[in-house]
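Here are some exercises to work through with the model open in your viewer. Try each task before you read its solution.

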Amino acid sequence: MEFLATNNIQTITHEDFIDFKNGKKDIPARSVMIDFDDNRMSVFENAWPIMTKFGYIGTVFVTSDLADSIELSQPLLQLVVSVETARH
């Protein structure tokens with residue numbers, strides 16, 4: 001994450017990228033999407049604080065079976081500002 005910050009690389013969402021590809025939006029020339037596979041608690045405990053420090057956004061791909069679970073909803077509600085969720 002520090003490398004991205006040092007090199008002025010900005011994060012975008014999947015929606016940003018789709019809008020860019022469809023000619024609806026411009027994105028920074030130096031941009032990346034940060035993705036996390038599955039809804040591991042380590043994303044919320046380790047990655048999210050670092051991402052918040054740098055002002056980055058990312059996408060957590062949620063296992064469909066757990067997408068509506070109470071255990072998953074609580075941490076995601078707290079992170080909705082900087083993390084996008086998507087189903088597998």
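**Exercise 1. Find where helix α3 is kinked, state the size of the kink, and check the span of the helix.**

Solution. This is a predicted model, so treat every value here as computed from predicted coordinates.

Step 1: Look at Ala47, where α3 has a kink of about 40 degrees. The proline Pro49 follows shortly after that point.

Step 2: Now turn to the span. Helix α3 covers residues 41-54, which is 14 residues. The expected span uses 1.5 Å times one less than the number of residues, so the helix should span 20 Å. Its end C-alpha atoms are 20 Å apart, in agreement with that expectation.

Step 3: List the buried residues of α3: Val43, Phe44, Ala47 and Met51. Ala47, the site of the kink, is thus one of the buried residues.

Step 4: Go just past the helix. Gly55 follows α3 and has a positive phi of about 75 degrees.

**Exercise 2. Locate Asn8 and describe its phi and its exposure.**

Solution.

Step 1: Asn8 sits in the loop that runs between α1 (2-6) and β1 (10-11).

Step 2: Its phi is near 55 degrees, a positive value in a residue other than glycine. The general background is that most residues other than glycine have a negative phi.

Step 3: The relative accessible area of Asn8 is 54%. The cut-off for exposed is over 50%, so Asn8 counts as exposed.

**Exercise 3. How many aromatic pairs are there, and how is each one arranged?**

Solution.

Step 1: Rings pair if their centres lie within 6.5 Å. By this rule there are two aromatic pairs.

Step 2: Phe17 and Phe20 make up a tilted pair, at 6.4 Å centre to centre with 40 degrees between the planes. These two residues are three apart in helix α2 (residues 14-21), which means that about one helical turn separates them. Phe17 is partly exposed at 34% relative accessibility, and Phe20 is partly exposed at 37%.

Step 3: Phe54 and Tyr56 make up a stacked pair, at 5.7 Å centre to centre with 15 degrees between the planes. Phe54 is partly exposed at 26% relative accessibility, whereas Tyr56 is buried at 7%.

**Exercise 4. Which residues join Phe17 in a nonpolar surface patch, and what is the accessible area of the patch?**

Solution.

Step 1: Phe20 and Met33 join Phe17 in the patch. Together the three residues have about 240 Å² of accessible area.

Step 2: Place the members you already know: Phe17 lies in helix α2, and Phe20 is found in helix α2 as well.

Step 3: Take a distance from Phe17. Its C-alpha atom is 9.5 Å from that of Val32, and the two residues are 15 residues apart along the chain.

**Exercise 5. How many salt bridges does a search of the whole structure find, and which side chains take part?**

Solution.

Step 1: The search finds one salt bridge.

Step 2: Its partners are the side chains of Asp16 and Lys25, at 2.4 Å from N to O. The cut-off is within 4 Å, so this pair qualifies. As a general point, side chains of opposite charge can pair when their charged atoms come close.

Step 3: Compare the exposure of the partners. Asp16 is buried at 14% relative accessibility, whereas Lys25 is partly exposed at 34%.

Note on methods
Residues are numbered from 1 along each chain as its sequence is written. This is a predicted model: local features need pLDDT of at least 70, side-chain atom pairs count only at pLDDT 80 or more; totals for chains, interfaces and linings use all residues. Side-chain values use heavy atoms; hydrogens and water are left out. Rings of Phe, Tyr and Trp (its six-membered ring) pair if their centres lie within 6.5 Å; planes under 30 degrees apart count as stacked, over 60 as edge-to-face and the rest as tilted. Helices (H or I, at least four residues) and strands (E, at least two) are DSSP runs, numbered from the N terminus. Buried means under 20% relative accessible area, exposed over 50%, partly exposed in between (1.4 Å probe, protein chains only). Patches are made of residues with over 30% relative accessible area and no salt bridge: like charges are joined within 9 Å, nonpolar side chains (Val, Leu, Ile, Met, Phe, Trp, Tyr) within 5 Å. Accessible areas come from the Shrake-Rupley method with a 1.4 Å probe; for residues, only the protein chains shown count as cover. The bend at a residue is the angle between axes fitted to the seven residues ending there and the seven starting there.
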